[in-house]
Amino acid sequence: MSASSSEMMTANVPKGVNWSYAFKEAFTTAVIALALLCLLLGVTTEGGQNILIFKPARLAFAVFLAFVVRFLVVVQKERKAARLEAERLDAVAGIQPKKRRNWFERAEPYLQPVLFFLMAFFPIVLVTTLGGQASTKWVDNYGIVIMIYIMLGWGLNIVVGLAGLLDLGYVAFYAIGSYTYALLAQYYGFSFWMALPVAGVMAALWGIMLGFPVLRLRGDYLAVVTLAFGEIIRSVAVNWKDFTGGSAGISAPKITFFGIPFNASDEGFAAKFGLEFLPIHRSIFLYYIIFGLAILTAVVTLKLKKLPIGRAWEALREDEIACKSLGLNTRNTKLTAFAIGAMFGGFAGAFFGARQGFLTPESFSFEESVLILATVVFGGMGSLVGVVLAAIVLNGGSELLREATFLEPYIGSDPNRYRLFVVGVGMVVMMLWKPRGLISTRTPTVFLNERKAVSGSLVKEGHG
Amino acid sequence: MEVFVQQLINGITLGSVYGLIAIGYTMVFGIIGMVNFAHGEVFMIGAVISLIIYVMVTTVIGVSAGAIFFALMMCLVIGILTTSILNWAIEKVAYRPLRGSFRLAPLISALGMSYALKNFVNIYQFERSSNKSVPSIITGNIPIMTSSDGFEVVLNDKNILIVLVTVVLLTIFWYLVQKTSLGRAQRACEQDRKMASLLGIDVDRTIAITFAIGAALAAVAGVLYLVYYSTVSYNDGTVPGIKAFTAAVLGGIGSLPGAVLGGLLIGIIEIMWSNYVSSDYKDVAVFAILIVVLIMMPQGILGKPEVEKV
């Protein structure tokens with residue numbers, strides 16, 4: 001076939017799908033799903049008396065879902081294999097394959113300015129269209145929360161995306177930043193702007209203290225140790241009641257406009273500037289602070305990427321042993337990534353304290369670490385634009401789920417309970433589908449003579 | 001002294017459970033060099049399934065001694081079967097396709113899997129309350145010594161059962177790994193996967209069986225956990241999971257006797273710490289041990305020092 005098509009110089013047609021194979025695979029999967037889920041889904045106990053309740057409907061639905069998903073996956077896999085085979089035959093016959101770039105790569109150059117302007121003018125656009133009252137909820141619940149996640153995602157991106165160190169306790173640095181602000185304000189009367197740099201420095205110091213001994217560990221160990229560190233910090237915040245207020249929490253002073261409080265009094269922001277008092281003033285001010293901090297994170301990341309240290313991070317991520325052999329001080333390189341990442345976590349933490357006005361250890365659970373990591377993973381590790389999109393989708397999506405109460409009769413419980421489940425599944429799917437992120441080719445930052453894109457699948461990493 | 005003995009008994013019991021979970025971590029790490037973050041969740045699912053089976057059996061045939069024995073046997077058999085299939089499926093879906101991928105991929109996948117499983121169980125089994133409990137399953141006890149001020153040291157029947165089951169299982173397991181061809185294949189894959197496959201060992205199958213065996217032991221740990229505490233929560237996979245991982249690291253990751261030894265040590269340390277120092281900080285103590293062990297002696301007590309291969 002390849003010979004005849006090369007004579008005519010037409011591309012090879014991919015083979016069709018083997019449907020019976022796909023059905024068989026899907027059927028097997030459904031049987032396994034039935035065996036696995038018959039107790040976990042089909043039966044549940046309720047109340048102190050443990051009354052048994054049988055739920056065959058949801059079991060049947062899940063098994064059916066397993067069947068459909070497996071079927072689609074097999075079909076997709078077969079199609080891809082057939083297409084690759086056809087392309088290989090084309091290459092043998094001397095036909096140039098068409099260049100493929102996925103939608104994300106094509107969109108990325110345009111997304112960057114679009115997203116920037118969207119973020120920069122988000123509150124202004126809202127206030128002018130919706131008015132001061134109605135937009136408070138949007139700026140507060142969506143804008144600020146999403147910006148916090150963007151900032152945390154960008155901070156963690158330095159550690160995970162650039163240096164390739166899996167940090168499962170990033171929330172610890174966030175917590176350290178928050179508590180630094182709250183405690184400094186409580187015991188020494190620090191204002192937000194005074195406490196902000198201290199919070200960053202404290203987080204970075206803790207990052208160094210933790211990182212110094214543990215960064216020579218392998219990736220897996222590092223992940224577990226950082227996880228344990230996060231739990232230790234949270235546990236200390238819960239149990240050291242005299243100092244941190246324990247699980248009852250600690251109050252942190254709310255943000256002021258350089259000393260002018262945002263309240264309805266005569267000394268308040270609105271009165272001083274001759275405006276009508278609206279809570280939106282505070283929200284907008286907060287939004288621009290976190291926006292500025294996030295942009296600072298992004299600018300520092302982009303600048304550092306071009307410096308030798310940034311190059312060293314990327315090299316380290318790709319192959320640690322090669323780096324060592326070339327005389328790179330891997331410990332110090334990792335440490336700087338860890339400390340800088342932690343510092344931005346600390347900044348975000350201080351901001352969080354000033355926004356909430358009240359801190360409890362609840363806010364710094366392992367769950368948060370996973371959500372921040374998910375932002376980086378979904379964004380395609382290493383991509384700043386990706387993190388923004390992921391933060392919007394994750395938080396916007398979860399807010400949508402919270403509103404989607406109409407789904408309740410169909411899925412049997414509060415849709416928002418599915419949020420974390422979906423995040424977990426999403427992380428697995430992302431790894432299976434595009435482990436190196438949404439960008440399938442990589443342009444090296446340093447190159448010899450000519451800039452050549454390297455296919456993501458060709459970049460293989462050594463074990464560190 | 002009497003208090004110490006009593007705490008030691010409790011520590012050994014808890015440690016047996018940790019040891020059983022730790023074996024799953026250590027075996028998987030030994031053979032493919034990754035931390036299976038979802039293993040704690042597999043253990044938790046084992047415990048939840050046991051609870052459901054226990055309730056089903058006891059509602060049908062009552063709570064006589066024979067019925068409880070039958071219920072626990074059912075828990076063991078069905079629990080082992082279900083979690084083995086589960087871990088086998090997890091490996092096939094989430095880890096196997098990533099074996100040649102970059103090094104963070106399996107870790108992130110495992111983390112996502114652990115998170116998905118935990119929340120799946122939360123959504124479908126813990127809709128109304130965050131934990132389920134059954135009346136104490138085994139209640140008898142044997143007093144063994146009494147102190148002068150009347151403190152009585154007792155050996156609970158459930159402690160005996162837990163230690164007994166652990167010992168029996170470990171014997172079977174040891175035989176499996178040391179004396180059968182499956183065990184030889186496992187150890188061969190541990191040493192050199194490529195060479196093993198050249199010599200005709202089905203590496204994929206061996207790895208899958210390793211996952212299944214680890215899950216079976218975790219299921220047994222789940223049944224024993226239910227017997228010991230009579231209560232299960234969807235959150236019970238995470239912290240015991242990290243503690244069992246700590247046990248595996250402390251004993252020397254990759255070493256099977258090390259996992260059991262580490263489990264016992266962690267169990268005893270945890271109980272002693274909460275009794276003599278502060279029960280608030282018992283988790284902190286265990287996590288701190290993890291960090292200190294990894295820094296001071298990453299090879300653990302019985303492990304071999306790791307050699308970095310290019």
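These legends go with several close-up views of a predicted model.

Residues are numbered from 1 along each chain as its sequence is written, while chains are lettered from A and ligands numbered from 1 in the order in which they are written. Local features need pLDDT of at least 70, side-chain atom pairs count only at pLDDT 80 or more, totals for chains, interfaces and linings use all residues, and side-chain values use heavy atoms, with hydrogens and water left out.

**View 1. Confidence in the model and its two chains.**
The model scores ipTM 0.88 and pTM 0.87. Confidence in each residue is given by the predictor as pLDDT, from 0 to 100. Chain A has a mean pLDDT of 82, and 89% of its residues reach 70 or more. In chain B the mean is 88, with 98% of residues at 70 or more. Helices and strands here are DSSP runs, numbered from the N terminus: helices are H or I with at least four residues, strands are E with at least two. Within chain B, confidence is highest in helix H8 (residues 203-229), at 93. It is lowest in strand E2 (residues 141-146) of chain B, at a mean of 78.

**View 2. The two ends of chain A.**
Residues 1-7 of chain A stay under a pLDDT of 50. The model has eight contacts for them beyond four places in sequence; a contact means heavy atoms within 4.5 Å. Residues 456-464 of chain A also stay under 50. For residues 456-464, the model has 23 such contacts.

**View 3. Chain A and its domains.**
Chain A has 18 helices and eight strands. Of its 464 residues, 51% are buried. Buried means under 20% relative accessible area, exposed means over 50%, and partly exposed is in between, with a 1.4 Å probe and protein chains only. Among contacts in chain A between residues at least 6 apart in sequence, 71% join residues at least 24 apart. The chain is divided into domain 1 (2-101) and domain 2 (111-433), with bounds from an automatic or database domain assignment. The C-alpha centres of domain 1 and domain 2 of chain A lie 37 Å apart.

**View 4. The bent helix H4 of chain A.**
Helix H4 of chain A covers residues 103-130, 28 residues in total. Its end C-alpha atoms are only 33 Å apart, short of the 40 Å of a straight helix. That expected span is 1.5 Å times one less than the number of residues. H4(A) bends by about 60 degrees at Phe121(A). The bend is the angle between axes fitted to the seven residues ending at a residue and the seven starting there. A proline, Pro123(A), follows within four residues. Buried residues of H4(A) include Leu111(A), Leu115(A), Met119(A) and Pro123(A). After the helix comes Gly131(A), with a positive phi near 90 degrees.

**View 5. A hairpin in chain A.**
Strands E1 (residues 43-46) and E2 (residues 51-54) of chain A run antiparallel, joined by four bridges. Two strands pair if DSSP finds at least two bridges between them. Glu46(A) has Ile51(A) as its bridge partner. Four residues lie between E1(A) and E2(A) in this hairpin. In the turn, Gly47(A) has a positive phi of about 75 degrees.

**View 6. A hairpin in chain B.**
Five bridges link E2(B) with strand E3 (residues 152-156) of chain B, and the two run antiparallel. Pro143(B) is bridged to Val154(B). The hairpin has five residues between its strands. Gly150(B), in the turn, has a positive phi of about 90 degrees.

**View 7. Asn239(A) and its contacts in chain B.**
Asn239(A) lies in helix H8 (residues 219-239) of chain A. With a relative accessible area of 14%, Asn239(A) is buried. Leaving aside neighbours within four places in sequence, Asn239(A) is in contact with Asp280(B) and Tyr281(B).

**View 8. Leu76(B) beside residues distant in sequence.**
Helix H3 (residues 65-95) of chain B holds Leu76(B). Leu76(B) and Ala221(B) are 145 residues apart in sequence and 9.5 Å apart in space, C-alpha to C-alpha. Beyond neighbours within four places in sequence, Leu76(B) is in contact with Val220(B) and Val223(B).

**View 9. Ser230(B) in its loop.**
Ser230(B) is found in the loop between H8 and strand E4 (231-233) of chain B. Its phi is positive, about 55 degrees, although Ser230(B) is not a glycine. At 8% relative accessibility, Ser230(B) is buried.
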